[in-house]
Every structure is written in C-alpha cells, then in structure tokens.
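Thanks for sharing this one. Here are my notes, set out point by point so that you can follow along in the viewer.

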Amino acid sequence: MHAKTLKGTQAMRNRLSLMNSKKFQRKSYRESFLKRNIVSALSHQIKINRISRGLSQKDLADKVGTKQSVISRYEDPAYGKLSISTLIQIANALDIGLEVKFTPFSRLIGEVNSWSPEKAMVPSFENERKIIVKNNQQNVTKLNKSHYSSSSKQKFTQKSEHYIVSSGDYSSGIYSQLRN
C-alpha cells in the first residue's frame with residue numbers, strides 16, 4: 001500500500017474509534033464538540049487571515065465597520081457568538097469566500113484532526129486569481145486552438161506574496177509569527 005493510502009486508512013480508523021467512543025455516543029458531547037471546534041477554528045482563522053494580510057485588529061475593524069475590541073472578541077475562541085452575517089462582513093473585508101454547510105460528524109472529525117494554521121490561510125480573491133493565472137501560464141499544454149489540459153505529471157509550487165500553492169493547497173510562513 002502507498003503511504004497516502006495507509007495514512008487515509010489510519011485517519012478513517014481514528015474517526016471511527018472516536019465516533020464509537022462512549023463520550024461521542026452522548027448527544028450532549030457531540031453538541032459540545034461541534035460548537036467548540038467550529039468556534040475555535042473560526043476565531044483562529046480570522047486571526048490568521050488578518051495577520052497574513054498585515055492588518056491590525058483596528059485595520060480589520062475599520063474594514064468591517066466596527067471597533068477593534070469587537071475584532072478582539074471575534075478572535076477569542078471562548079467568545080462563540082459569531083453570526084453568519086458577521087462572518088459575511090469579515091469575509092468581505094478580507095476579500096475571501098465563506099462556506100457554511102451541514103456535514104457528517106465523520107467529516108468534521110477529519111477536519112478537526114487535520115487542522116493546521118497553514119490550512120486556515122485563504123488568499124484574497126485577487127491573490128488567488130494571480131496564482132491561478134500564473135499556474136495556467138506555466139502548466140497548461142496547448143492541445144489545439146480550442147482545447148487545453150493540465151499536465152498531471154508536473155508538480156507546481158509557486159510563491160505569490162504571502163501564499164504558497166502546491167497541489168492546490170494554500171499555506172504560508174505566517175504560522176511561525178503566530179506561535180511566537
């Protein structure tokens with residue numbers, strides 16, 4: 001078996017083990033797990049994306065149309081009162097998309113187990129567009145005038161401002177700033 005297959009199999013076993021645990025069988029625990037992990041991930045993601053853009057809390061507050069103290073609360077994992085309307089305002093201020101959807105617990109567990117600051121980084125629309133354009137310029141093979149396809153054999157890694165794109169993942173060196 002390939003290392004990637006083994007890793008995926010182990011991750012699935014870990015999810016199944018947690019889902020079969022006594023604590024996860026309790027609905028109250030699942031409700032707590034859901035709230036705790038969503039709130040924590042969102043608050044950290046707001047902070048990571050604010051810092052990666054070189055914005056202070058005051059700068060983001062100005063873009064959102066609120067006060068610095070409010071942004072500070074949004075970045076606090078213990079706060080937990082972010083509305084969808086607020087998240088949309090923050091997404092607009094950072095020029096990023098927002099995805100809110102229902103999901104199976106197994107997928108949520110997988111996301112929680114694989115969360116990292118690098119995965120929380122989201123490039124702005126303009127930075128993402130530049131990355132995609134550059135990627136296409138370097139990796140597209142022209143088959144004929146009307147048909148293009150990407151070469152799956154090439155691995156692409158391109159630095160663009162704060163972001164690094166490698167096989168579709170966005171990440172940054174900002175994590176070291178957050179740990180210190």
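Does I90 count as buried or exposed? At 4% relative accessibility, I90 counts as buried. Please keep in mind throughout that this is a predicted model.

1. **Where I90 sits.** I90 has its place in helix α6. Not counting residues up to four places away in sequence, I90 touches I46, V64 and Y74. There is also a pair to look at across the chain: I90 and K63 are 27 residues apart in sequence, yet their C-alpha atoms are 8.3 Å apart in space.

2. **The buried side of α6.** Helix α6 covers residues 84-94, and its buried residues are T86, L87, I90, A91, A93 and L94. These residues cover an arc of only 160° around the axis, which puts them on the same side of α6. The cover over them includes α3 (27-52), α4 (57-64) and α5 (68-74). Just after α6, D95 takes a positive phi of about 60°, so to speak a small detail to check by eye.

3. **The matching view of α4.** In α4, the buried residues are Q57, L60, A61 and V64. Looking down the axis of α4, you will find them within an arc of 105°, so they line one face of the helix. They pack against α3, α5 and α6. Here too a positive phi follows the helix: G65, just after α4, takes a value of about 90°.

4. **The largest nonpolar core.** Which residues have the most contacts inside the largest nonpolar core? They are I46, L60, V64, I71, Y74, I90 and L94, in a core of 13 residues. The elements that give two or more residues to this core are α4, α5 and α6. Helix α6 supplies the largest share, four residues. I46 deserves a click of its own: leaving out residues up to four places away in sequence, I46 touches L60, Y74, E75, L82 and I90.

5. **A second core.** Separate from the first, there is a core of five residues that includes F24, Y29, F33 and I109. Several of these names return in the next point.

6. **Aromatic pairs.** How many aromatic pairs does the structure hold? There are five. In one of them, F24 and Y29 have ring centres 5.6 Å apart and planes at 65°, so the pair is edge-to-face. The rings of F24 and F105 also have their centres 5.6 Å apart, with planes at 85°, so this pair is edge-to-face as well. F24 lies in helix α2 (residues 22-25) and F105 in helix α7 (residues 105-114), so the pair ties together parts that are 81 residues apart in sequence. Ring pairs link F24, Y29, F33 and F105 into a cluster.

7. **How covered those rings are.** F24 is buried, with a relative accessible area of 3%. Y29 counts as buried too, at 17% relative accessibility, a value to read against the cut-off of under 20%. F105, at 26% relative accessibility, counts as partly exposed.

8. **A buried polar side chain.** N49 lies in helix α3 and is buried, with a relative accessible area of 1%. What does the side chain of N49 reach? It reaches the backbone nitrogen of V122 at 2.8 Å. Leaving aside neighbours within four places in sequence, N49 is in contact with L94, A120, M121 and V122. L94 is also among the buried residues of α6.

9. **The protein as a whole.** The secondary structure comes to 10 helices and five strands. Of the 180 residues in the protein, 27% are buried. Among contacts with a separation of 6 or more, 61% are between residues 24 or more positions apart. The accessible surface comes to about 12,400 Å², and 52% of this belongs to carbon and sulfur atoms.

Terms used. Residues numbered from 1 in each chain as written. Predicted model: local features only at pLDDT ≥ 70, side-chain atom pairs only at ≥ 80, totals over all residues. Heavy atoms only, no water. Buried < 20%, exposed > 50% of the residue type's maximum accessible area, 1.4 Å probe, protein only. Arc of directions from axis to C-beta. Contact = heavy atoms within 4.5 Å. Areas by Shrake-Rupley, 256 points an atom, 1.4 Å probe, with all protein chains shown as cover. Polar contact = N/O pair within 3.5 Å; in protein donor to acceptor, adjacent residues only side chain to side chain. Phe/Tyr/Trp six-rings, centres within 6.5 Å; stacked < 30°, edge-to-face > 60°. Core = buried A, V, L, I, M, F, W, Y, C linked by side-chain atoms within 4.5 Å.
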